[in-house]
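Me: Please take me through the larger sheet of this model, then carry on into what packs and bonds around the rest of the chain. Where should I start looking?

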Amino acid sequence: MKRVQLFIDGAYTGAESGATFGLVNPATGEEVARVSEGGAPDVDRAAKAAKRALSGPWGQMSTMARLRLLRAVADRIDERRAEFLALEMRDTGKPVSFAGKVDIPRGAANFRIFADMAAGQHEEAFHQDTPDGRGAVHITSRQPVGVVGVICPWNLPLLLMTWKVGPALAAGNTVVVKPSEDTPSTATLLGEVMNEVGIPPGVYNVVHGFGPGSAGEAIVQHPAVDAITFTGESATGRAIMAACATDLKRVSFELGGKNPALVFADCDLDAAVAGTVRSAFSNCGQICLCTERIYVEKPVFAEFVRRLSLAAKALKPGDPSDPDTQMGPLISAVHRDKVASYLKLAVAEGATVQAGGHLAEVAGFPGGFWVQPTVWTGLDHSARTLREEIFGPVCHVMPFESEEEAIALANDTPYGLCAAVWTGDVARAHRVGGAIDAGMVWVNTWFLRDLRTPFGGMKASGIGREGGHYSTEFYTELKNLCIKL
Ligand code: NAD
């Protein structure tokens, strides 16, 4: 796919302005495609097509017919797995060991699980006595919200986009998707799949472009768009929420994090180290759930730091298509420069570098955006390095002496997305898990997901929850119909 076009009303199209921008493979730094740069006129076409589709064949389709189509989308993603994988790897530089196991299978699973959930949907009825003795019946049902604007980040492109599009379509909505400007390809390929399985035109639309003054802002401001579901930075969430206030659009926000891991001396240390290597460095640290702050009980602190640092040094960045490669590059030169600025800042703030600390060089990929997995110790808790989301393969380890201190440190952050607790004491797991201000707490594991459970964050990490019936709540309007008998 050398030209990545918009997908509007069931057809591929260029932007009305004719504008395009370059797409860069982060592993090589080379331009690999030109992307149509949508703007307000293109969003207008997409939003109107999405509105029309609500009252067309899609809106009139039975629930079961709609859900059959969504299961067919899942099957077709599986059948075309190699194409989705190649495009996702090209856009992100992710190693095949990650994208092949996580991104693409979850892209398909997101359609299946929400089709299954919607199949079990039911209405509620309330019988009410009235003074005339005849009574009334109330029927409470769910309707689609309408046109949903889906604004996505670059770190798990197909996975996070379908996490929203799956439940939105299962509930009968139509969507206008704005993928990240850095990762436009798999959302575009999904348009072909929608046509192949017979999803009617206008149900799934994709407009590429940027945020402010571009396609992203135009979606948020379009009067035909009824709701916005957004995953991205907390600062972007603030701007989108302010814009949504004008039309009182409903919002669902999955935002940034600065997630803690708490390692108690009574834990299985091998498991805690292995789990923290995953939680700090998976996807080159570019998962909202990644651990950037680690607190370790004093008796095992030195040993934990030694083992984590050794493991970090052993993680080899390399050719993304090599199944043995564990680390890919960062997404862009801009993001590489941001992470590099924190590598400098941490040292300026007094960190001791236990592993990494520099940009990395990878043989055969001189232009890529590589960074060494980095472990720091020695920072004061007020350091910016410990307060701001870095979103790279970096973490800081700090000792603690008591459970109360560990909880206080974990909660000393504007964010509240997730946490990991490593302990062999189930009562402590329950106590500490309950005391941490985060939407998701994992005990003796990390990123173990059941798609029926609520996903989302507290504080600056989000508004609302998605997953299972929590998604249904966002993507539907409740209606109460009262019939006097
Ligand atoms: P970002 O906020 O820069 O961009 C996300 C999307 O918003 C992009 O498509 C962008 O073009 C668009 N956008 C930017 N400004 C906009 C505006 N004013 N109006 C409308 N759209 C706008 O985020 P990113 O750099 O792509 O992604 C990384 C961030 O996402 C990190 O902060 C990470 O923690 C967060 N994230 C959170 C979750 C979660 O579930 N909580 C999951 C993944 C990523």
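Reply: Start at R293. Its bridge partner in strand 17 is H396. This is a predicted model, in which local features need pLDDT of at least 70, side-chain atom pairs count only at pLDDT 80 or more, and totals for chains, interfaces and linings use all residues. Residues are numbered from 1 along each chain as its sequence is written, and side-chain values use heavy atoms, with hydrogens and water left out.

Now widen the view. Strand 14 (residues 291-297) and strand 17 (residues 394-400) run parallel, joined by five bridges. Helices (H or I, at least four residues) and strands (E, at least two) are DSSP runs, numbered from the N terminus. Two strands pair if DSSP finds at least two bridges between them.

Both strands sit in an open sheet of seven strands. The order is 15-16-17-14-13-19-20, and the pairing is mixed. Strand 15 (352-355) and strand 20 (440-443) form the edges, each pairing on one side only. From one strand to the next, the twist averages 25°.

Helix 12 (residues 333-348) packs on this sheet. It touches strand 15, strand 16 (374-377) and strand 17 (contact means heavy atoms within 4.5 Å). Its direction makes about 20° with that of strand 16. Axes are lines fitted to C-alpha atoms, for helices over the stretch in contact, and angles run from 0 to 180 degrees between N-to-C directions. Helix 14 lies across strand 13 (259-263), strand 14 and strand 17. Helix 14 runs at about 150° to strand 17.

Follow helix 14 to the loop after it. D412 forms a salt bridge with R387, with the closest N and O atoms 3.4 Å apart. D412 lies in the loop between helix 14 (403-411) and strand 18 (415-416), and R387 in helix 13 (residues 384-387), so the pair ties together parts that are 25 residues apart in sequence. A salt bridge here is a side-chain nitrogen of Lys or Arg within 4 Å of a carboxyl oxygen of Asp or Glu. D412 is partly exposed, at 33% relative accessibility. R387 is partly exposed too, at 26%. Buried means under 20% relative accessible area, exposed over 50%, partly exposed in between (1.4 Å probe, protein chains only).

Next, the helix pairs. Helix 10 (residues 269-281) and helix 11 (residues 298-314) have axes that come within 10 Å and cross at roughly 50°. That makes helix 10 oblique to helix 11. Under 35 degrees counts as roughly parallel, over 145 as roughly antiparallel, 65 to 115 as roughly perpendicular and the rest as oblique. Helix 10 passes helix 11 in a right-handed crossing. A crossing is left-handed if the near helix is turned anticlockwise from the far one by less than a right angle, and right-handed if clockwise. Helix 10 contributes residues including V273, V277 and F281 to the contact, and helix 11 residues including F304, L308 and A312.

Helix 6 and helix 7 make another packed pair. Their axes are 10 Å apart, at an angle of about 40°. Helix 6 and helix 7 are therefore oblique to each other. This crossing is right-handed as well. P157, L158, M161, T162 and L169 of helix 6 meet T186, A187, L190 and M194 of helix 7.

Each of these two helices also holds a salt-bridge partner. E254 and K164 meet at 4.0 Å, N to O. E254 is in strand 12 (residues 250-254) and K164 in helix 6 (residues 157-170), 90 residues apart. E254 is buried, with a relative accessible area of 5%. K164 is buried, at 0%. On helix 7, the side chains of E196 and R80 meet at 2.7 Å, N to O. E196 is in helix 7 (residues 185-197), whereas R80 is in the loop between helix 3 (63-79) and helix 4 (81-92), 116 residues apart. R80 is buried at 8% relative accessible area, while E196 is partly exposed at 40%.

Helix 4 leads to the other sheet. Helix 4 lies across strand 1, strand 4 and strand 5, running at about 95° to strand 4. These strands form an open sheet in the order 1-5-4, with mixed pairing. Strand 1 (3-4) and strand 4 (20-25) are the edges. Six bridges join strand 4 to strand 5 (residues 30-36), and the two run antiparallel. L23 has A33 as its bridge partner in strand 5.
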